[in-house]
Amino acid sequence: MSRRPFLRHDTLTLLEAREGLCGEGTRVIVNLLLTLGFDATRVVLYDEQLQAVHALVSVVIDGKESLIDSINSPEGLNAILRANPIGVDSFDLVPYTGDILSARELKRRTGKHVKDPRLAAFWLYSYEAVPLTKLFNVLALNVRAFNHTRPYRWLSLLAEKPNLLLAISWASAMALAVLAIVIVLLRGGDASRSAARAWRTDSP
């Protein structure tokens, strides 16, 4: 667990290891649901300090979204989600474009961040099939991104398969490398032909 890769482990490895944090549990459930034909994706819940505190699953069944818990849950959350049809619409987000401290104070005064008081510990949700905040951190950018728009099913399918992502990345890198070599060779050939024509023109 101390050496988890950036993209985390694939589902088969997690099932064999039978351990992990909530994000790993979420990956297993999302992939199982996707394999069964459901529209499932990852949702991360954030606390008042905008720290990620839990990852769980969003699944659409008969046109209605429900949140499903994974593992290593905050106290009481699993029971709440089992007993109630709760989706991201339970969060009453306050539109705000200022700084975080002012937004936090606004929410504290109005009490508007969830419609269901049992979810009061969670201030934000974010669909994170693409972990934008993590990517920004890798680039040394102090930026946090919260996505409230459900991703396409194919994106969730791709995002939860790290081995497939790596294979696509390597294949893309190799294709770009081959393309670059071909361009260099073609330009070199053009330069050689131009030089040959120039030499014939200048010859007595």
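Is aspartate 39 buried or partly exposed? At 22% relative accessibility, aspartate 39 counts as partly exposed, and we come back to it in the first view. One thing up front: this is a predicted model.

**View 1. Arginine 150 and aspartate 39 pair up in a salt bridge.** The N-to-O distance here is 3.4 Å. The two partners come from distant parts of the chain, with arginine 150 in the loop between H5 and H6 and aspartate 39 in strand S1, 111 residues apart. Arginine 150 has a relative accessible area of 23%, so it is partly exposed. Aspartate 39 also counts as partly exposed, because its 22% is not under the 20% cut-off for buried.

**View 2. Arg27, Arg42 and Glu160 share a network of salt bridges.** Start with arginine 27 and glutamate 160, whose closest N and O atoms sit 2.8 Å apart. Arginine 27 belongs to helix H2, while glutamate 160 is in the loop between H6 and helix H7 (162-202), and 133 residues separate them. Now swap in the other arginine: arginine 42 also forms a salt bridge with glutamate 160, at 2.9 Å between the closest N and O atoms. Arginine 42 lies in strand S1 and glutamate 160 in the loop between H6 and H7, so this pair ties together parts that are 118 residues apart in sequence. As for burial, arginine 27 and glutamate 160 are both buried. Glutamate 160 comes in at 3% relative accessibility, and arginine 42, at 13%, counts as buried too. For the whole structure, the salt bridge count is four.

**View 3. The largest pocket holds about 820 Å³ of space.** Its lining takes in 33 residues, and the closest to the pocket centre are Arg8, Arg42, Glu128, Pro131 and Lys134. Helix H2 (22-35), strand S1 (39-46), strand S2 (52-61), H5 and helix H6 (153-159) each give two or more residues to that lining. Sorted by class, the lining has 18 nonpolar, six polar and nine charged residues.

**View 4. The largest cavity has about 40 Å³ of space.** Searching the whole structure turns up one cavity of 30 Å³ or more. Around the largest cavity you'll find Ser126, Tyr127, Glu128, Val130, Pro131, Leu132, Thr133, Ala145, Phe146 and Asn147. Strand S4 (124-127) and helix H5 (132-138) each bring at least two residues to the lining. The class tally for this lining is six nonpolar, three polar and one charged.

How values were computed. Residues numbered from 1 in each chain as written. Predicted model: local features only at pLDDT ≥ 70, side-chain atom pairs only at ≥ 80, totals over all residues. Heavy atoms only, no water. 1 Å grid on protein atoms, 1.4 Å probe; cavity = no way out; pocket = protein on both sides within 12 Å on 5 of 7 lines; lining within 4 Å. Points joined across faces, edges and corners; volume = space filled by probe spheres on them. Helix = DSSP H or I, 4+ residues; strand = E, 2+ residues; numbered from the N terminus. Nonpolar A, V, L, I, M, F, W, Y, C, P; charged D, E, K, R; others polar. Salt bridge = Lys/Arg side-chain N within 4 Å of Asp/Glu carboxyl O. Buried < 20%, exposed > 50% of the residue type's maximum accessible area, 1.4 Å probe, protein only.
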